[in-house]
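Work through the following exercises with the sequence and the coordinates open. Each one sets a task and then solves it in steps.

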Amino acid sequence: MEFDISKAAKSDDINDSLDYKKVSKRIISLCEKADSYLVENLIEKTRSLEVKLENLGSLALLKFDEPSTRTRLSFAIAAEKLGIKTFESSDVVSAKQKGEILKHEIETYVSMGIEVLVLRTKENNIDDYREFKDIGVVSAGFGNKSHPTQALIDISTLFSLNKINEKLTPITYIGDVKHSRVFESGRQLLNLLGFKVGVFTDKKLLPDNKNGLEIYESWDEVFESSNAIELLRVQKERLQDNEEINFDEYINNYQLTQEILGKSQSDLAVLHPMPINIGIEISKDAIEDRKIKYKDQLSHAIPSRIAAFKYVRDEI
Ligand code: CP
């Protein structure tokens, strides 16, 4: 920016001083030019940079549309152990809020190199995902229909505790069986292995499909027939308006107490997928009993998610 300031330097006359209006116009014009150089540079960079997806490494998206403590964390840690970088999303922060369809959402993930989508959904919409072949989809809990990695945890725990043997129903599920995806996946897995599963609950909380089930009427029947029980919380968030539960009655009939535990065999294993509602499915005194095995289940959480990643990546 050149200006002849010699005249102004030699003179005290105001009329010889610098024309500041002209100076500021020159500065503004230079800045505008600089902005356009910068923009041209950014466009050039955007056009010339080629991001090779294979150079990004393995990427997974953990998309949880319902709360989770264990499943989300153990998938994240399992991914870390396998060298898979994870990102998180949910319907609350995604463009689904603005009307985006699932196909466009998945196309976006694939275009950015996401290989595995780990999904927890409110809805029973597992079938909506079957058409997408360019991305591996893992259920971290679909509605009330599937939670396969939790079933893997539970059945692995039963094997580790030596509770799977020739008994008709190695395990009996107690509680809100009707709305439980843990139960649905557990029964599927055990039925595949050739076992029936037991159920002991309020009639209102029985599942519609009773194939492969033995329905028990008392704690005595349960302990006679099973090596293990799995307590399930009442899924208040999934109860329909016409499915009101009388909690006093429910607690009276189905809550596991120290007294009931005292009547069970000494090697009974009590499982719970968690979260546990102390005071509803189990009493405060019973939760500390040595038969309670939720920590054994927790020890299988990361391994089951490693197995799931390996399965979806064709490594098992
Ligand atoms: N068992 C289970 O799915 O726990 P979270 O809901 O905390 O993931």
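**Exercise 1. Determine which side-chain atoms make polar approaches to the ligand, and list the residues around the ligand.**

Solution. The model is a predicted one.

Step 1. Start with histidine 147: an N or O atom of its side chain is 2.9 Å from an oxygen atom of the ligand.

Step 2. For serine 68, the distance from a side-chain N or O atom to a ligand oxygen is 2.6 Å.

Step 3. Glutamine 150 faces a nitrogen atom of the ligand instead, with a polar side-chain atom at 3.1 Å.

Step 4. The complete set around the ligand is Ser68, Thr69, Arg70, Thr71, Arg120, His147, Gln150, Pro273 and Met274.

**Exercise 2. Place threonine 71 in its element, and decide whether threonine 71 is buried or exposed.**

Solution.

Step 1. Threonine 71 belongs to helix α3, residues 70-82.

Step 2. The cut-off for a buried residue is under 20% relative accessible area. Threonine 71 has 5% relative accessibility, so it counts as buried.

Step 3. Its side chain makes a polar contact of 3.0 Å with the side chain of arginine 120.

Step 4. Beyond four places in sequence, threonine 71 touches Phe64, Arg120, Ala140, His147 and Arg305. Both Thr71 and Arg120 are also listed around the ligand.

**Exercise 3. Describe the surroundings of leucine 61 and the pairing of strand β3 with β4.**

Solution.

Step 1. Leucine 61 sits in strand β1, which covers residues 59-64. Its relative accessibility is 6%, and therefore it counts as buried.

Step 2. Leaving out residues up to four places away in sequence, leucine 61 has contacts that include Phe87, Tyr109, Ile114, Val116 and Val118. Valine 118 is 57 residues away in sequence, yet the C-alpha atoms of the pair are 6.1 Å apart.

Step 3. Strand β3 spans residues 114-121 and is joined to β4 by 5 bridges in the parallel sense. Within this pairing, valine 116 is opposite glycine 136 of β4.

Step 4. Strand β4 (residues 136-142) has 6 of its 7 residues buried, so the rest of the structure largely encloses it.

**Exercise 4. Give the strand order of the open sheet of 5 strands.**

Solution.

Step 1. The order is β7-β6-β5-β8-β9, and the pairing is parallel.

Step 2. The edges are β7 (213-215) and β9 (269-271), each of which pairs on one side only.

Step 3. On average, neighbouring strands in this sheet are turned by 25° against each other, with direction ignored.

Step 4. Take β5 (residues 171-175) and β8 (residues 228-232) as an example: these parallel strands are joined by 5 bridges. Glycine 175 has leucine 232 of β8 as its bridge partner.

**Exercise 5. Identify the residues that touch the most other members of the largest nonpolar core.**

Solution.

Step 1. The core has 24 residues, and those with the most contacts to other members are Trp219, Ile229, Leu256, Val270 and Ile292.

Step 2. Two or more core residues come from each of α7 (219-225), β8, α8 (247-254) and α9 (258-262). The largest share, 3 residues, is that of α7.

Step 3. Tryptophan 219 has contacts beyond four places in sequence with Ile174, Phe200, Ile229, Asn253, Tyr254, Gln255, Leu256 and Ile260.

Step 4. A further core of 19 residues lies apart from this one, with Ile164, Phe183, Leu206 and Leu213 among its members.

Technical notes
Residues numbered from 1 in each chain as written. Predicted model: local features only at pLDDT ≥ 70, side-chain atom pairs only at ≥ 80, totals over all residues. Heavy atoms only, no water. Pairing = 2+ DSSP bridges. Helix = DSSP H or I, 4+ residues; strand = E, 2+ residues; numbered from the N terminus. Axes fitted to C-alpha atoms, helices over the stretch in contact; angles between N-to-C directions. Buried < 20%, exposed > 50% of the residue type's maximum accessible area, 1.4 Å probe, protein only. Contact = heavy atoms within 4.5 Å. Polar contact = N/O pair within 3.5 Å; in protein donor to acceptor, adjacent residues only side chain to side chain. Core = buried A, V, L, I, M, F, W, Y, C linked by side-chain atoms within 4.5 Å. Near = heavy atom within 4 Å.
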